Amino acid sequence: MEIIRATHLGMCFGVRDAIALAQTHAALQPITVLGQLVHNEDVLADLKVRGVRVAKEPKSVETAVAMITAHGASDHFKDQARKQGLSLIDATCPLVKSAHRALQNLVARGYYPVIIGQRDHVEVKGLSGDLMEFQVVLTSDEVRAVPERPRYGVISQTTQPIARVRSLVEQLKEVHPQSEVEFVDTVCQPTKLRQQAAQALAEDCDVVIVVGGAQSNNTRELVRTCGLRGATVYHVQRPEDLSPAWFENATKVGLTAGTSTPDATIQSVAAQLDAWCHDKLITSNSPTTTAILAFS
Ligand code: SF4
């Protein structure tokens, strides 16, 4: 069995920086994170051990200092927190901030805001939280339900697959041919790289293992992308979730992971897969260039 790692996988800089910020501040004073800092149970458990608390809303915070997650928040939400006397640490990813700026710019220029993403996702709530009117779409039906406006300004949640985003933008143009549609691509580069690498992996492998939190949107999107390319896909959170039966007839097994998955978790899943390759282990950093390591 050959094990191939995606060329881009695992934790992105935005999540890494947010975790580091939480750890640094937690060592100095009690802090509360407003929402899930990352959608990964192992990371959250580690932060809990370090004394980091979690609250859904500012009114539930019992510490003097609170943290905005990498997913960002609306100005309204942050003002609400400050009005309650909280001192805020802002771990919003710079690429999420860039999506906020793109949306504000479109609205200031008179475009009706359309956000491609998951309506209930914290990042989308942050993007839309200061808007008087807007639409969130993720399906063709939702695009058809967008009210008639002369000018649409479209952005997307940073972790949406770019192919889906572009398709929905084209559908909006078809539904409203008389309207102007301005699209700003706010899908982040780490997401694009992981999506592209996952696609290549799925085209090359019989089975793909995607490692990441059950609540992680970008991990679920990697699962979906691999499934669409014909590979048998399994989503695992840790090595204990793996089953040797999945690999009985597999010759090539791909490994990828979402942007909130810690390196240690990826390594432990890879180690379990390696352990099952007892005759001959072939590893590669790229689906196109393979290095063969034979073990006797
Ligand atoms: S997935 Fe993209 S936008 Fe989100 S934290 Fe990572 S780099 Fe930033």
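In this predicted model, the ligand occupies the largest cavity. Its surroundings can be listed residue by residue: Cys12, Phe13, Gly14, Val15, Cys93, Leu95, Val96, Thr158, Thr159, Cys188, Pro190 and Thr259 make up the shell around the ligand. For anyone thinking about the chemistry of this shell, the breakdown is easy to state: eight of its residues are nonpolar and four are polar, while none is charged. Among the residues around the ligand are Cys12, Cys93 and Cys188, and Thr158, Thr159 and Thr259 also belong to this group.

Two helices deserve a mention here. At least two shell residues come from helix H1 (13-28), and at least two come from helix H4 (94-108). Helix H1 provides the largest share of the shell, with three residues. On the level of domains, the ligand lies between domain 2 (13-93) and domain 3 (95-183), because both of them give residues to the shell around the ligand.

Attention can now turn to the sheets. One of them is an open sheet of four strands, arranged in the order E3-E2-E4-E5 with parallel pairing. Its edges are formed by strand E3 (53-55) and strand E5 (87-90); each has a single partner strand, so one side of each is left without a neighbour in the sheet. From one strand to the next, the twist averages 35 degrees. Within this arrangement, strand E2 (residues 31-34) and strand E4 (residues 65-68) run parallel and are joined by four bridges. A handy landmark for inspecting this pair in the structure is Thr32, which stands opposite Ala66 in E4.

Another open sheet of four strands follows the order E7-E6-E8-E9, again with parallel pairing. Here strand E7 (135-137) and strand E9 (180-183) stand at the edges, and each has a single partner strand, so one side of each lacks a neighbour in the sheet. Neighbouring strands of this sheet are turned against each other by 25 degrees on average, with direction ignored. Strand E6 (residues 112-116) runs parallel to E7, and three bridges join the two. Readers following along this pair will find Val114 opposite Gln135 in E7.

Technical notes: Residues are numbered from 1 along each chain as its sequence is written. This is a predicted model: local features need pLDDT of at least 70, side-chain atom pairs count only at pLDDT 80 or more; totals for chains, interfaces and linings use all residues. Side-chain values use heavy atoms; hydrogens and water are left out. A residue is near a molecule or strand if one of its heavy atoms lies within 4 Å of it. On a 1 Å grid over the protein atoms alone, a cavity is a set of points where a 1.4 Å probe fits but cannot get out, and a pocket is an open set with protein on both sides within 12 Å along at least five of seven lines; lining residues have an atom within 4 Å of a point. A molecule sits in a cavity or pocket if more than half of its atoms lie within 2 Å of its grid points. Ala, Val, Leu, Ile, Met, Phe, Trp, Tyr, Cys and Pro count as nonpolar, Asp, Glu, Lys and Arg as charged, and the others, Gly among them, as polar. Domain bounds come from an automatic or database domain assignment. Two strands pair if DSSP finds at least two bridges between them. Axes are lines fitted to C-alpha atoms, for helices over the stretch in contact, and angles run from 0 to 180 degrees between N-to-C directions.
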